[in-house]
Each structure stands twice: as C-alpha cells, then as structure tokens.
Amino acid sequence: MNTLSYKTLSVNKETAQKEWVVVDATDQVVGRLASKVAKLLRGKYKPTFTPHVDCGDNVIIINAEKVVFTGKKETDKVYTRYTGYPGGQRFNTPAELRSKQGGIDKMLRHAVKGMLPKGTLGRKLLNNLFIYEGAEHKQEAQKPKAIDINLYK
C-alpha cells in the first residue's frame with residue numbers, strides 16, 4: 001500500500017532545464033553580484049534544485065568593468081597568487097588588476113569561485129560563467145534572456 005501522495009524528484013544531468021541569462025554588472029557591488037551569480041550558477045533559485053547536480057543556468061556578465069567595491073577595498077584589498085617558484089608570491093590590488101588585460105575577469109571569477117562548492121561540481125559550475133568587460137557578448141546564438149539581478153535575493 002503506497003500512502004505517499006508526493007514524491008521527491010531529483011533532477012539529473014539529462015533532465016535539468018538549463019537556460020542562458022545575461023546579467024548587467026553596471027554599478028553593482030562585487031561581492032553582492034558574485035553571491036547572486038553563484039546562486040544562479042548553482043540553480044538555487046529553481047524549484048527543482050538538486051545539490052549534487054549541475055542544474056543551474058549559464059550566466060553571461062556584461063559591463064564587468066563597471067563593477068564597484070565598497071569602502072576602500074579598491075586600494076586596500078589584496079589578491080595573492082603564487083607563480084610556483086621560490087619567492088614567487090605576487091600581490092595585486094583591484095585597482096592594479098583593472099589596468100591589466102583580463103584583470104576584471106580574474107576579480108569576478110575569484111569572487112564567484114569562493115561562493116561555489118569546493119570540488120569537481122564547483123569547478124564544472126565555474127565553466128558556465130562568461131564575463132565580458134563591454135556590453136557585447138559572443139553568446140547571441142543561445143538566445144539568452146536579460147534579467148535584473150537586483151530582483152534576486
């Protein structure tokens with residue numbers, strides 16, 4: 001006798017409804033934008049969210065050069081990287097990264113990556129993120145829909 005009236009449905013890779021969305025980063029705070037983008041990549045805004053499956057959307061961030069930091073983080077925050085050689089520790093501030101080629105991409109990717117799960121799933125989810133400094137992007141063929149990121153919590 002089956003008394004359950006509802007069954008929990010787990011989404012798998014084949015049944016996930018993935019969409020393409022465009023997010024305009026103009027005058028957005030980096031950390032707040034990154035947390036909302038991480039939730040979109042993960043699929044947490046969908047009713048069919050499954051924690052161990054890539055069921056989130058593909059996110060395109062445009063106007064990435066217009067993101068802002070609050071307070072004095074633009075000059076005081078420090079990004080650390082390591083070249084792999086002895087004495088190869090390198091430090092950059094967001095102001096220095098903005099002037100370098102691909103620096104804004106590295107800033108936003110670093111912020112989003114820290115908010116995704118650690119391990120293979122998080123690395124796969126980060127591949128669904130596309131960042132462009134200008135207003136143009138290359139994913140027009142996927143017919144992405146533009147969303148207002150301020151409407152999400």
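When I speak of contact today, I mean heavy atoms within 4.5 Å of each other. With that settled, let me say that what you have in front of you is a predicted model, and let me begin with a residue for which that cut-off matters.

L116 sits in the loop between α4 and α5, the latter covering residues 120–126. Once its neighbours within four places in sequence are set aside, L116 is in contact with A38, L41, G122, L125 and L126. If we ask how far L116 is from K39, the answer is 77 residues in sequence and 8.3 Å in space, taken from C-alpha to C-alpha. Is L116 buried or exposed? Its relative accessible area is 4%, and because buried means under 20% on this scale, L116 counts as buried.

Let me turn next to R42, which belongs to helix α1. R42 is buried as well, and yet it has no salt bridge, the nearest side chain of opposite charge being D54, at a distance of 8.3 Å. What does lie 3.1 Å from a polar atom of the R42 side chain is the backbone oxygen of P51. Beyond the neighbours within four places in sequence, the contacts of R42 are F49, P51, C55, G56, P117, L121 and L125.

Now to the sheet, which is open and has 4 strands in the order β5-β2-β1-β6, with parallel pairing. Its edges are formed by β5, residues 129–131, and β6, residues 145–147, each of which pairs on one side only. On average, and with direction ignored, neighbouring strands of this sheet are turned by 25 degrees against each other. Strand β1, residues 20–24, runs parallel to β6 and is joined to it by 3 bridges, and within this part of the sheet V21 stands opposite K145 in β6.

Two helices that pack on this sheet deserve a word. Helix α1, residues 30–42, touches β1, β2, β5 and β6, and its direction makes about 155 degrees with that of β2, residues 58–62. Helix α4, residues 103–113, touches β2 and β5, and here the angle of about 155 degrees is with the direction of β5.

Finally, the hairpin: strand β3, residues 79–82, and strand β4, residues 89–92, pair in the antiparallel sense over 4 bridges, with Y82 standing opposite Q89 in β4. Which residue of this hairpin takes a positive phi? There are 6 residues between the two strands, and G84 is the one to look at, with a positive phi near 105 degrees.

Notes:
Residues are numbered from 1 along each chain as its sequence is written. This is a predicted model: local features need pLDDT of at least 70, side-chain atom pairs count only at pLDDT 80 or more; totals for chains, interfaces and linings use all residues. Side-chain values use heavy atoms; hydrogens and water are left out. Two strands pair if DSSP finds at least two bridges between them. Axes are lines fitted to C-alpha atoms, for helices over the stretch in contact, and angles run from 0 to 180 degrees between N-to-C directions. Buried means under 20% relative accessible area, exposed over 50%, partly exposed in between (1.4 Å probe, protein chains only). Lys and Arg count as positive and Asp and Glu as negative; His and the chain ends are not counted. A salt bridge is a side-chain nitrogen of Lys or Arg within 4 Å of a carboxyl oxygen of Asp or Glu. A polar contact is a pair of N or O atoms within 3.5 Å; within protein, one must be able to donate a hydrogen and the other to accept it, and residues adjacent in sequence count only if both atoms are side-chain atoms.
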